[in-house]
Amino acid sequence: MRLIENVYQTSGVMYGTNSSTYCIDTGEGLVLIDAGFSEKQYEIMRTRRKEDGLGNKKLRDLFITHGHFDHAGNGWLLQKDGVKVYMSAEDGAAVKSGDERTLGSLFGRKFRAFTPDGKVRDGQTFDYGNTQLTVLEHPGHTEGTISILAETNGKKILFAGDIFVLKACNPADELQPEIGWTGGPDYNGTKNLETFRKLKELPPVDLVAPGHGSVYFGDSRKLFEILYHLAEKEAQQ
Ligand SMILES: [Zn+2]
């Protein structure tokens, strides 16, 4: 589904998957955000690209926000297709070992370990045709969680992984975002609060695209302000 010029959602709750994946048509190949969980999701992603007229375009690079199974599970499969996989050093190490940081027992499956092609760090940029990506280190949910800030066709999009989740608004049409899951073996509350502080300082974006639930076209600064207050409360508990 096309979300904004050059940016597509290729899986997610509307297509019957738990986690969301995205695809940017850069004019110099397709860049993917997150790999999804299972072969079923992989097929859905492929079908969506075909339906959106992207089926013949080259799959170029994949950025995985973090090493949890539902985001990195298909990393090996996309790598087999010739896609270059980029992750942080920390979560790259998790998917290389396939250990409990990837949440195999939570998902009841064995994680298929793979070695990412490149490690990314805070502030690193990637240029492709009409699109520039900037890596933002946002640790907390996992040790090496990253977000990807994309600029394409004059619009900014934040691919935010599992830092937070957007569910339905309340009956008064107010946002009710939630802090991302805090139960992982490498969750770090102090770093998580710092991540929400950084998020609050981020210049406005046109589209917020998390790893679960809904995307958001509204006022990102307001959203990040609400989230920061939630994170502060969480930190006090
Ligand atoms: Zn996660």
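The following paragraphs lead through this predicted model, from its overall fold to its zinc site, its largest pocket and two backbone details.

The protein contains seven helices and 14 strands. Its radius of gyration is 16 Å, close to the 18 Å that the globule rule gives for 237 residues, so the protein is as compact as a globular protein of that length. Measured out along the principal axes, the C-alpha trace spans about 50 × 40 × 35 Å. Of the 237 residues, 55% are buried.

The zinc ion provides a useful point of entry. Three histidines and one aspartate coordinate the ion: H66 through NE2, H68 through ND1, H141 through NE2 and D162 through OD, at 2.1 to 2.2 Å. Along the sequence, these donor residues follow the spacing H-x1-H-x72-H-x20-D. Two of them, H141 and D162, link distant parts of the chain, 21 residues apart. H141 belongs to the loop between β9 (131-137) and β10 (146-152), whereas D162 belongs to the loop between β11 (155-161) and β12 (164-165). Both loop residues are buried: the relative accessible area is 3% for H141 and 6% for D162.

The geometry of the site deserves separate attention. For four tetrahedral donors, the ideal angle at a metal is 109.5 degrees. Here the four donor atoms subtend angles of 90 to 164° around the zinc ion, and the arrangement is therefore irregular. A tetrahedral assignment would require all angles to lie between 85 and 135 degrees, and the upper end of the range in this site is 164°.

The largest pocket has a volume of about 180 Å³. Its lining includes H68, H141 and D162, each of which also coordinates the zinc ion. The other lining residues are N18, D70, L103, L106, F107, V165, W181 and H212. By character, the lining divides into five nonpolar, four polar and two charged residues.

Two asparagines merit a closer look at the backbone. Most residues other than glycine have a negative phi. N6, in contrast, has a positive phi near 75°, and N153 has a positive phi near 55°. N6 is found in the loop between β1 (2-4) and β2 (7-11), while N153 is found in the loop between β10 and β11. Their surroundings can be set side by side by accessibility. With a relative accessibility of 12%, N6 counts as buried because the limit for that class is under 20%. N153, at 49% relative accessibility, counts as partly exposed, since exposed residues must be over 50%.

How values were computed: Residues numbered from 1 in each chain as written. Predicted model: local features only at pLDDT ≥ 70, side-chain atom pairs only at ≥ 80, totals over all residues. Heavy atoms only, no water. 1 Å grid on protein atoms, 1.4 Å probe; cavity = no way out; pocket = protein on both sides within 12 Å on 5 of 7 lines; lining within 4 Å. Points joined across faces, edges and corners; volume = space filled by probe spheres on them. Nonpolar A, V, L, I, M, F, W, Y, C, P; charged D, E, K, R; others polar. Donors = N, O, S within 2.8 Å, 3.2 Å for Na, K, Ca; no water. Tetrahedral: all angles 85-135°; square planar, octahedral: opposite > 155°, others 65-115°. Helix = DSSP H or I, 4+ residues; strand = E, 2+ residues; numbered from the N terminus. Buried < 20%, exposed > 50% of the residue type's maximum accessible area, 1.4 Å probe, protein only. Rg over C-alpha atoms; globule rule 2.2 N^0.38 Å.
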